[in-house]
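Work through the two exercises below with the sequence and the coordinates at hand, and compare each step of your reasoning with the solution that follows it.

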Amino acid sequence: MSILVNNRTKVVVQGLSGSQGKFHAQKMKEYGTNIVAGVVPGRGGSDVDGTPVFDTVEEAIRATGANASIVYVPPAYAADAVMESVDANLDLCVCITEGIPVKDMIKVKRLMKTSSSKTMLIGPNCPGVITPGECKMGIMPGEIHTPGTVGIVSKSGTLTYEAVKQVSAFGFGQSTCVGIGGDPIIGLKYIDLLEMYQFDAQTECVVLIGEIGGQAEVKAGEWIKQNFNKPVVAFIAGQTAPKGKRMGHAGAIISGGDDTAAAKMKALEECGVHVVQSPADIGKKVAEVLGK
Amino acid sequence: MDLHEFQAKGLLRSYGVPVPDGGVASTASDALRVAKELKGDAWVIKAQVHAGGRGKAGGVKVVNTFSDVYDVSSHMLGMKIVTKQTGPDGKIVRRTLIEKATDIKQEIYLSFLVDRDSEQHMIIVSSEGGMDIEEVAENNPSAIVTERINPVTGMGLFLGRKIAKKIGLDSSLLNKFADVAHKLYNVFADHDGMMLEINPLVVTGDGDIVCLDAKMNVDENALYRHPKIEEMKDYGELEPQEVRASIFDLSYVSMDGNIGCMVNGAGLAMATMDIIKSYGGDPANFLDVGGGADVNKVREAFKIILTDPKVKVIFVNIFGGIVRCDLIAQGVLNGSDEVPSDRSIVVRLDGTNVEEGRKILEEGAAKTGLTIVTADTMADAAQKAVELAAGEEKPAKKKTSAKAKE
């Protein structure tokens, strides 16, 4: 088992003809992801490197049985592309695009809350999701991942790769790694993913990587304390970040006193989470917690 | 992107929101001209810098004579405003806003922002205007009213009336308050606001509602659809390195330490600063070269980092996903001619094509004569960077077994 994606996931790439879409579709195929279609409005009937292109997501589903989409559409049109996937009732939409206006995401989330669509959204501004050995929907380097028992959920891209590398170095593989994105308004959040890891028999331990800004990590901690029965290792980036400065991610900004790294680390610790001070200790702590 | 008070008030005025009459000045004689045009017998002179807490730092003065308008303006223009929000270096005042003084009967706090939790806009109103909202939240939370704003309905008049009642506003002001809140929200939402703060919003002696201050921040990602707002960007308010970084699409924030950082990815960049600190060092900056880091970006990043004279060591931490390590290594070598010989570079590469990358660095380092230290792990690299920054005679305290086994 695993969460979100597996070897039965059939992927349609929105924005397949762009340089990013084309490049990453190729990488995903090389990894073994089942890329069944692309969507480029106005270019239906053509193909990109052998993958058939459709005008709409709906047509792509009808022709190929696609059940998930990945969005590489530029920021001004990305929210619209996500809404198209929601409207088409796919199981999952992963939005890689960085730089979508917050107001557009408010609209997307309003649509998702009020429509009957079952679509789950990951991102935007995220590296995507990977179930090692089965399906990679994203831009992460596939080769650093190995199948195993550790779930990783993170707001960051490269810091997630760092965690994967460390966990692998200690001999543990990963069940599913999810980058939820660094924007203020996103699709699935920590708790949504933790609920899935809870019921995933393959996952024995979860690594949660957070950062300054917002309350998501603290809420996750409270939820873990009440509901989660597997060990969680956490790292919060931005312990040295100054207040009021945006640290790269749109959402990474300390605006009050309770969204600092220190406040989040303390809250998580109080909820029984294994918090590491140094990002270099993530793998070691996982090994310790799993007692191997 | 932050707007100046006078810019935000210009937007408010165009939406029919009451703001005091006023004008902007960049010289004392300008200020005098504005005051004379405004007429009256009392004016407020306000420093236009991107920072809250101006009043306490001497950036807001009430004057009653034309000669005071001139004298106070000439003193204020060019002075440094240092507040909690500006950092110790402060901000230089280049412009003042001169407004007719308002007869204040009651002060209210009002702001709009994005609520991550409910994924909607939110309005915060407090009966204790003119005070720092964080302080009110701490000392008198019951004075604060918050409401979520449905993106379909916007800031309905009913919601404004409800809030006015809750903060104990006089019934005669209900409709006026609701109207102002409605228009303010439209200014905020129409321009992709991330924050709009009116502190204080005042009730005048004549029973009018007026915005005495306005602080607004607009979503950078939405600027493409607001060209007029983008033109308002005041690069003079940014640090020179931040301006340079923005041209090359790099994300840079300066810090106080002596270890410069060049990292790909915002999360890893923050974590790199954190690990430097955990080994007893101090980062000089946050710098994310982004996913598409190429030779040119690496070179620019070096230049920006080195404009900070405190930097002794540059810590390059790259986890190559899409970015290939061999390209980064080449970039580091090419860009290293920007680096003076008394500085060292510590490079940690991992991910795609890491072996080729390390080889390029090792061979290249010998030729440049620079100290380029390579490391396998983040912990190892951080430790080396801290030791180098501290100087040979004072090696930093070692942390036990932080290095992951390979």
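**Exercise 1: a strand and its partners**

In this predicted model, strand β8 (residues 128-131) of chain A is joined to β11(A) by 3 bridges, and the two run antiparallel. Determine which residue of β11(A) stands opposite Gly128(A), how β10(A) pairs with β11(A), and what handedness the crossover from β10(A) to β11(A) has.

*Solution.* Begin with the antiparallel pair, where Gly128(A) stands opposite Gly179(A) in β11(A). Turn next to strand β10 (residues 147-154) of chain A, which pairs with β11(A) in the parallel sense over 5 bridges, with Pro147(A) standing opposite Gln174(A). Between β10(A) and β11(A) the chain passes through helix α5 (residues 158-169) of chain A, and this β-α-β crossover is right-handed. Finally, consider the covering of strand β11 (residues 174-179) of chain A, which is mostly covered, since 6 of its 6 residues are buried.

**Exercise 2: an annotated histidine**

Locate His249(A), which the unreviewed UniProt entry annotates as "active site", and decide whether His249(A) is buried or exposed.

*Solution.* First place the residue in the chain: His249(A) lies in the loop between β13 (232-237) and α8 (261-270) of chain A. Next take its relative accessible area, which is 9%; because buried means under 20%, His249(A) counts as buried. Then list its contacts, leaving aside neighbours within four places in sequence: in chain A these are Asn125(A), Lys155(A), Ser156(A), Gly182(A) and Glu211(A), while chain B contributes Ala266(B) and Gly267(B).

Technical notes. Residues numbered from 1 in each chain as written. Chains lettered and ligands numbered in written order. Predicted model: local features only at pLDDT ≥ 70, side-chain atom pairs only at ≥ 80, totals over all residues. Heavy atoms only, no water. Helix = DSSP H or I, 4+ residues; strand = E, 2+ residues; numbered from the N terminus. Buried < 20%, exposed > 50% of the residue type's maximum accessible area, 1.4 Å probe, protein only. Contact = heavy atoms within 4.5 Å. Pairing = 2+ DSSP bridges. Right-handed = clockwise from strand over helix to strand, strands pointing away.
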